[in-house]
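Visitor: I would like to take a close look at a single part of this model, going slowly enough for a first-year student to follow.
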Amino acid sequence: MSYQIGGKSIEHDEEGYLVDIGQWDEDVAKMIAEAEKLPLSDEHWEVIHFLREYYTEYQIAPAIRVLTKALTKKMGEAKGNNKYLYELFPYGPAKQACKIAGLPKPTGCV
Amino acid sequence: MSAESDNSAEPKVKRFMYVNRKAPHGTVYALEVLEMVLISAMFEQDVHIAFLDDGVFQVKKGQNPAVLEMKDFSKTYRALEGYGIEKVFIEKESMEERGLSADDLIIPVEVIGREELGALMESMDVVLSA
């Protein structure tokens with residue numbers, strides 16, 4: 001299974017998560033978001049880039065509790081809570097935000 | 001339900017220790033234990049991690065497993081704090097036998113002697129070793 005973008009073929013698993021995180025770029029993100037019928041605002045991009053940075057630093061996708069804690073630390077409580085994240089990503093930060101950011105499914109996510 | 005109310009209202013928090021004894025790469029044990037630890041962090045238990053024998057290499061700085069086509073999951077140990085796991089121990093003797101000191105490690109850990117670690121293990125409800 002793969003996404004087709006600009007003549008490139010980008011492999012994904014059966015749930016739509018990228019197989020190779022290195023193949024991600026913003027165009028890939030836009031395409032996954034489109035498939036999820038989710039238009040991306042600046043607020044979405046903020047979370048997506050935060051997840052990319054987290055992954056680069058720790059080599060895992062954070063569990064939601066850890067994500068909200070880390071977001072609070074960096075951007076304040078208004079942006080580091082479940083409600084805010086679910087408003088941006090209705091299917092959940094794990095299922096949608098990580099997928100759009102090209103990350104694997106979060107560790108510790110049942 | 002009456003059967004449940006017979007138990008104490010608070011679910012008992014158990015003391016868990018994950019014991020790592022193997023080198024980080026070459027087998028899947030280190031990575032699997034690490035994932036188990038991260039998952040267990042979600043269940044609000046009293047989690048401890050210990051590194052001994054060749055397991056001390058798991059938290060050594062400057063690993064480059066890319067040449068083995070492996071992910072550098074040593075970086076993930078630095079995420080433990082964010083997961084609320086702060087009770088991390090390394091056995092002094094194992095570390096010294098391998099020429100390592102606390103400065104060689106990727107995360108701050110508590111250096112603990114063999115006997116003391118044994119006593120700590122004794123105080124756990126569950127010890128998982130790999």
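Which residue follows α5(A), and what is the sign of its phi?

Guide: In this predicted model, α5(A) is followed by Gly102(A), and the phi of Gly102(A) is positive, near 80°. The helix that comes before this glycine covers residues 93-100 of chain A, and α5(A) is mostly covered, since seven of its eight residues are buried. The buried residues, if you wish to find each of them in the structure, are Pro93(A), Ala94(A), Gln96(A), Ala97(A), Cys98(A), Lys99(A) and Ile100(A). As for what surrounds them, the buried residues of α5(A) pack against four other helices of chain A, namely α1 (26-35), α2 (42-58), α3 (64-75) and α4 (82-88). When you look along any such element, it helps to remember that an α-helix has 3.6 residues a turn, so residues three or four places apart point the same way.

To set this helix in its wider setting, turn to where the two chains meet: ten residues of chain A are in contact with 14 residues of chain B. On the chain B side of that meeting, seven of the residues are nonpolar, five are charged and two are polar.

Within chain B, a useful comparison is Val109(B), which lies in the loop between α3 (92-97) and β4 (110-112) of that chain. Val109(B) counts as partly exposed because 19 other C-beta atoms lie within 10 Å, while a residue needs 20 or more to be called buried. Leaving aside residues up to four places away in sequence, Val109(B) touches Val59(B), Val88(B), Phe89(B) and Ile90(B).

Notes: Residues are numbered from 1 along each chain as its sequence is written. Chains are lettered from A and ligands numbered from 1 in the order in which they are written. This is a predicted model: local features need pLDDT of at least 70, side-chain atom pairs count only at pLDDT 80 or more; totals for chains, interfaces and linings use all residues. Two residues are in contact if their C-beta atoms, placed from the backbone, lie within 7 Å. Ala, Val, Leu, Ile, Met, Phe, Trp, Tyr, Cys and Pro count as nonpolar, Asp, Glu, Lys and Arg as charged, and the others, Gly among them, as polar. Helices (H or I, at least four residues) and strands (E, at least two) are DSSP runs, numbered from the N terminus. A residue is buried if 20 or more other C-beta atoms lie within 10 Å of its own, exposed if 12 or fewer, and partly exposed in between; C-beta atoms are placed from the backbone.
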